[in-house]
Amino acid sequence: MNIDLIEAKISLRFGNLNISLIRMNHSVIVSDYPKHSHGRRFYEFHYIESGSGKFICSGTEYPVESGMLIMTGPFIVHEQITDLSNPM
């Protein structure tokens, strides 16, 4: 299943910290997600709802599994490699 909320426009405030959610995507990763990075002031949260695989961040490989939350920041090159026998 793939859910893509491109125009989410949700704002959260924690003291002096303002967070604006501009896009939310929910999908099962059945093939590798290629290397990419995001621009200034852009953070990405990756929640692994189910399955397992590898998260490669700035050339370092990390095993990931169900229940993990990963955050990447501006200009951080990252990619996701799913375990085809147990897709994320």
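Which residue in β10 does Lys54 stand opposite? Ile81 is the residue to look for. Keep that pair in mind while going through the points below, and remember that this is a predicted model.

1. Let's begin with the sheet. Four strands make it up, and reading across you meet β5, then β10, then β7, then β8. The sheet is open, and its strands pair in the antiparallel sense. At the edges stand β5 (33-36) and β8 (60-65). Each of these two has a single partner strand, so one side of each is left without a neighbour in the sheet. Going from one strand to the next, the twist averages 20°.

2. Now for the pairing of β7 and β8. Strand β7 covers residues 52-57, and six bridges link it to β8 in an antiparallel pairing. To find a spot on screen, go back to Lys54: its bridge partner in β8 is Pro63.

3. Next, look at the other pairing of β7. Five bridges join β7 to β10, and the two run antiparallel. Here Lys54 turns up again, standing opposite Ile81 in β10. So you can trace Lys54 to Pro63 in β8 and to Ile81 in β10.

4. Then there is β5. Two bridges connect β5 with β10, and these strands also run antiparallel. A handy landmark is His36, which stands opposite His78 in β10.

5. Why is β10 described as largely enclosed by the rest of the structure? Five of the five residues in this strand (residues 78-82) are buried, so that description fits. "Buried" here means under 20% relative accessible area. Try looking at the strand from both faces: His78, Gln80 and Thr82 lie on one side, Glu79 and Ile81 lie on the other, and all are buried.

6. Finally, take a look at the largest pocket. Its volume is about 1,500 Å³. There are 32 residues lining this pocket, and the closest to its centre are Leu21, Arg23, Met24, Glu44 and Phe45. The lining divides into 17 nonpolar, eleven polar and four charged residues.

7. Which strands help to line the largest pocket, with at least two residues each? They are β2 (10-14), β3 (17-21), β4 (24-27), β5 and β6 (44-47). The biggest share comes from β3, which gives five residues. Notice β5 in that list: you have already met this strand at an edge of the sheet.

Note on methods:
Residues numbered from 1 in each chain as written. Predicted model: local features only at pLDDT ≥ 70, side-chain atom pairs only at ≥ 80, totals over all residues. Heavy atoms only, no water. Pairing = 2+ DSSP bridges. Axes fitted to C-alpha atoms, helices over the stretch in contact; angles between N-to-C directions. Buried < 20%, exposed > 50% of the residue type's maximum accessible area, 1.4 Å probe, protein only. 1 Å grid on protein atoms, 1.4 Å probe; cavity = no way out; pocket = protein on both sides within 12 Å on 5 of 7 lines; lining within 4 Å. Points joined across faces, edges and corners; volume = space filled by probe spheres on them. Nonpolar A, V, L, I, M, F, W, Y, C, P; charged D, E, K, R; others polar.
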